[in-house]
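User: I'd like to go through the charged side chains of this model with you. Could you take my questions one by one?

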Amino acid sequence: MCGIGAILRRGPDAAGPVAELTNSINKMCSQLRHRGPDGAGYAVIGGGAGVLGHVRLSVIDLEGGRQPMHNEDGSVTITYNGEIYDYKDHRAKLEAAGHVFRTQSDTEVIVHMYEEYGLGFLEHLNGEFAFVLWDETRKRLVAATDRFAIKPLHYRLTARHALFASEAKAIFAAGLESDLQAGARSFSNDFLVGPLFGAFPDGITLFENVASLPAAHRLVIEGGRAPRLERYWMPAFATDEAMTFEAARDGVRTHFENAVRRRQIADVDVGTYLSGGLDSTLVCGLMSKHTRRLKAFNVGFGGTEFDESGLARKIADHFGAEFESVNCDERVLLDNLVTTLWHVEKPIANSNAVAKFVLSKLTRERGYKVVVTGEGSDEVFGGYPYFKQERIWRMRDRRRANLLMKRFRALERRSESLLW
């Protein structure tokens, strides 16, 4: 998880002093230092019209992957956070097409893919990412997020500047806009309405002054034209009615195994989070097939009914993984609440966010920079309780529905909340 920042001057003041930009990008990157403790750098772009900044968590090509990164002649520059899972395949094709690489980093693959495919290169990427790229020849800035915006990218557009950062706090730290210098931190009314109903609309943050680049979008700024926010990908749900259950089952397994294998590509040790649930158990099992020394990290909840650390330990033992758990009781939750809020920059719906922050601290203290988790599976496979509840609501056989609702309430009592 690296941290990125970028500033581009706009309008008649585009040729101001470079020192102002470098001072601001240093302030921005200082606010993101926790995301990239292994290195930092910046690059001036557009002949002084802008600057890209980066703080690095080194995972691939530990020595050669420093950023911002350029192509061979310096005409394309990028600051990037993320991982391209199939970058080695892309690299082989690009080298065959004549592109020359200087590093082993997946970052450099993005630069050359932009050269090869132009703005359409995003459709070829399989990974999680957020980046800001500068094309000196076209005087074009491209900011983009992955298909699900797993890696965040915040931005602010004014008549004088375009500012980008991994976190909103870095944009406030830049000190370039009068309202931000005055400390204005107006909350977004749209954002405050959304979480109440468990929904976070695309493109908004907690702050009125800062937007979030939506999933599968790019923001293009070039010449004197207005910025263009463009969607580059849409999910497609084409049901194959002829597919057999066996074919569907085997297909899910193949995709799942490929996804786990790709996420283990790193030049550092890769661990796993193990909650004891179905999804993290499957991840742990598949990782154990490809890892000689697998470390599983867990967070427990002080022996309460929410504590599954005992089950998680049994699972780790079954797969031969080294297991370590951190206890997260009420005092630990309270002690880490404010710091977690500072990092996530949004209201916390439940204590899991704090627990994950505590777990992340333990993981880093043990020397691990990368872990694979089961996050996102409930959304894809309908694992949340309210998916089951809605299915019961839609049943026409009310007698059977009432019986199932009783079972549902008994089984899902721990997750009872406003949502059900």
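Analyst: Sure, let's start with Glu 257, which counts as partly exposed at a relative accessibility of 25%. Keep in mind that this is a predicted model.

User: Which residue does the side chain of Glu 257 meet in a salt bridge?

Analyst: Glu 257 sits in helix 7 (residues 245–262), and a residue four positions away is separated from it by about one helical turn. That residue counts as exposed, with 52% relative accessibility. The N to O distance of the salt bridge is 3.2 Å, and the partner is Arg 253.

User: How many residues apart in sequence are the parts that Glu 305 and Arg 413 tie together?

Analyst: The side chains of Glu 305 and Arg 413 meet in a salt bridge at 2.9 Å, N to O. Glu 305 lies in the loop between strand 14 (295–300) and helix 9 (309–319), while Arg 413 is in the segment after helix 14 (398–411), so the parts they tie together are apart in sequence by 108 residues.

User: Is Arg 413 buried, partly exposed or exposed?

Analyst: Its partner Glu 305 has a relative accessible area of 40%, which makes that residue partly exposed. For Arg 413 the relative accessible area is 49%. Exposed would need over 50% and buried under 20%, so Arg 413 is partly exposed.

User: What is the N to O distance in the salt bridge of Arg 249 and Asp 250?

Analyst: Arg 249 is partly exposed, at 45% relative accessible area. Asp 250 is partly exposed too, at 40%. Their side chains meet in a salt bridge, and the N to O distance is 3.2 Å.

User: Which residues are linked in a network of salt bridges?

Analyst: The count of salt bridges comes to 26. As for the network, the linked residues are Arg 140, Arg 218, Glu 222, Arg 225, Arg 228 and Glu 230.

User: Where is Asp 73 found?

Analyst: Asp 73 helps form a negative surface patch, together with Glu 72, Glu 115 and Glu 116. Asp 73 is exposed, with a relative accessible area of 62%. Its place in the chain is the loop between strand 4 (69–70) and strand 5 (76–84).

User: And the confidence: which element has the lowest mean pLDDT?

Analyst: The chain averages a pLDDT of 91, and 95% of the residues score at least 70. Among the elements, strand 7 (residues 140–145) has the highest mean, 98. The lowest mean, 64, belongs to helix 5 (residues 178–181).

Note on methods. Residues numbered from 1 in each chain as written. Predicted model: local features only at pLDDT ≥ 70, side-chain atom pairs only at ≥ 80, totals over all residues. Heavy atoms only, no water. Patch = residues over 30% accessible without salt bridge, like charges linked within 9 Å, V, L, I, M, F, W, Y side chains within 5 Å. Areas by Shrake-Rupley, 256 points an atom, 1.4 Å probe, with all protein chains shown as cover. Salt bridge = Lys/Arg side-chain N within 4 Å of Asp/Glu carboxyl O. Lys, Arg positive; Asp, Glu negative; His and termini not counted. Charge placed at Lys NZ, Arg CZ, Asp CG, Glu CD. Helix = DSSP H or I, 4+ residues; strand = E, 2+ residues; numbered from the N terminus. Buried < 20%, exposed > 50% of the residue type's maximum accessible area, 1.4 Å probe, protein only. pLDDT = per-residue confidence, 0-100.
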